[in-house]
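This report walks through one protein chain, from single turns of the backbone to sheets and core. Keep the sequence and the model side by side while reading.

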Amino acid sequence: MKFTLQAQDPLSKARAGELVTDHGVIQTPIFMPVGTAGTVKAVHQRELKEDIKAQIILGNTYHLYLRPGLNTLEQAGGLHKFNGWDGPILTDSGGYQVYSLTEVRKIKEEGVTFRSHVDGSKHLFTPENVMDIQRIIGADIIMAFDECTPYPCEYNYAKRSIEMTHRWLKRCCDRFDNTEPKYGYSQTLFPIVQGSVYKDLRVRSAEVIASFEREGNAIGGLSVGEPAEEMYAMTEVVCDILPKEKPRYLMGVGTPVNILENIALGIDMFDCVMPTRNARNGMLFTKDGIINIKNEKWKNDFSPIEADSDLFADKVYTKAYLRHLIHSGEMLGAQVATLHNLHFYLWLVGEARNKIISGEFYDWKNKMVTRLGTRL
């Protein structure tokens, strides 16, 4: 993997770059649609590529390990061959999913034992076998196995947690460096900065993560319910420490406003289930603000979903029709709303990139943040 910085905004820490993987080039800042179980819900791969213009998508180690299972993925030749997506893929290590299974998991130095949400069977994730699993899945970028602490989190727990996450990272790196990719293309390992909302722990974790000198770095644990101001404060602290010449990935974030504010702090990569999950519930993100398409006010609004969009679904379907589909529980409603939201997110980061390159990002960001948070 190769990362090149191409432009820096003069009034903020926003940057534009290019990330080269064996499955294609990613222009940053970038938003990565989440395909937890090997699919971005309600979207064909052709639509992802041609309509949404996604440059990289996510898979999830925990879910793919349980279903379809490693045997099927390995026989298929990895996730790219299995799901028909020929662009770059990133896999989350499963640490977040295991953390969220609070009732059915136990965390020890060795790793995490948990019960499957599918059939209740018992499993063990260790730093070593999570590297092996992600080798089999075959993502271009794989994540270190960490513990994602909840919010709120006591200081001493957060401190013990980052210390274990750093020990786990050493084990992840040793296993990764002593194994080879399975399918003839290279893979890259990103470590994850943790530390809850405690500045000294974030500083310590960022320094340790930077010392491993991997090809990119991630920031975790900042999309678990903390106020946005805390997220921005921790992101700024960490970005000041992580090396500038390597990509920075803020995991699980967030709203369009969150994304623009974090781009201004120096983040290059984002993912979040929000555009797809909220779409299925009728929430649309637009250039003028947020639409709840279920509301009565859209019942007889026969204007296009977003008239100046270059997405076919935005121009062909009306707000009234989409409201009808969502209210009726029609599958097409979820598909159209998902297409719209993902297309909008990719448009937003693409426009941010253009403004960084032209030197206009800071003023544009401030104007957009006011508009994007408005409820229409």
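P29 is found in the loop between β3 and β4. Here helices (H or I, at least four residues) and strands (E, at least two) are DSSP runs, numbered from the N terminus. The model is predicted: local features need pLDDT of at least 70, side-chain atom pairs count only at pLDDT 80 or more, and totals for chains, interfaces and linings use all residues. Residues are numbered from 1 along each chain as its sequence is written, and side-chain values use heavy atoms, with hydrogens and water left out.

**Backbone details in loops**

The peptide bond leading from T28 into P29 is cis, with omega near 5°. A cis peptide bond also joins R67 and P68, with omega of about 10°; P68 lies in the loop between α2 (61–66) and α3 (70–76).

Two residues other than glycine have a positive phi: A42 and S196. The table sets them out with their burial, where buried means under 20% relative accessible area, exposed over 50%, and partly exposed in between (1.4 Å probe, protein chains only).

| Residue | Phi | Loop | Relative accessible area |
|---|---|---|---|
| A42 | near 75° | between β4 and α1 (45–52) | 31%, partly exposed |
| S196 | near 55° | between β12 and α8 (199–211) | 4%, buried |

**The sheets**

Two strands pair if DSSP finds at least two bridges between them. Strands β2 (residues 15–21) and β3 (residues 24–28) run antiparallel and are joined by 5 bridges. They form a hairpin with 2 residues between them, and within the pair E18 stands opposite Q27 in β3.

An open sheet of 5 strands follows the order β4-β15-β14-β13-β12, with parallel pairing. Its edges are β4 (30–32) and β12 (192–193); each has a single partner strand, so one side of each is left without a neighbour in the sheet. Between β12 and strand β13 (residues 217–219) there are 2 bridges in the parallel sense, and V193 stands opposite I219 in β13.

Another open sheet has 4 strands in the order β5-β6-β10-β11, and its pairing is parallel. The edge strands are β5 (57–60) and β11 (188–190), each pairing on one side only. On average, neighbouring strands of this sheet are turned by 25° against each other, direction ignored. Such angles run from 0 to 180 degrees between N-to-C directions, and the axes are lines fitted to C-alpha atoms, for helices over the stretch in contact.

Inside this sheet, strand β6 (residues 89–92) and strand β10 (residues 141–143) pair in the parallel sense over 2 bridges. T91 stands opposite I142 in β10. Helix α6 (residues 127–137) packs on the sheet and touches β6, β10 and β11; its direction makes about 155° with that of β10. Contact means heavy atoms within 4.5 Å.

N60 is found in strand β5. Is N60 buried or exposed? N60 is buried, with a relative accessible area of 4%. A polar atom of its side chain lies 3.1 Å from the backbone nitrogen of Y62. Not counting residues up to four places away in sequence, N60 touches G35, T36, D92, G94 and Q97.

**The core and the helices**

In soluble globular proteins, nonpolar side chains tend to be buried together. A nonpolar core is a set of buried Ala, Val, Leu, Ile, Met, Phe, Trp, Tyr and Cys residues joined through side-chain atoms within 4.5 Å. The largest one here has 108 residues, and those with the most contacts inside it include F31, L90 and M269. Helix α14 (residues 331–358) gives the most to this core, with 11 residues.

F31 sits in strand β4 and counts as buried at 0% relative accessibility. Leaving aside neighbours within four places in sequence, its contacts include I56, F270, L342 and V349. M269, with the same kind of neighbours left out, touches residues including L19, L90, F190 and Y249.

Helix α14 has 28 residues and reaches 41 Å from its first C-alpha to its last, close to the 40 Å expected at 1.5 Å a residue. The expected span is 1.5 Å times one less than the number of residues. After α14 comes G359, whose phi is positive, near 80°.

The buried residues of helix α13 (residues 319–328) include L322, L325 and I326. They pack against α11 (274–280), β16 (283–286), β17 (289–292) and α14. Just after α13, G329 takes a positive phi of about 70°.

Technical notes: A polar contact is a pair of N or O atoms within 3.5 Å; within protein, one must be able to donate a hydrogen and the other to accept it, and residues adjacent in sequence count only if both atoms are side-chain atoms.
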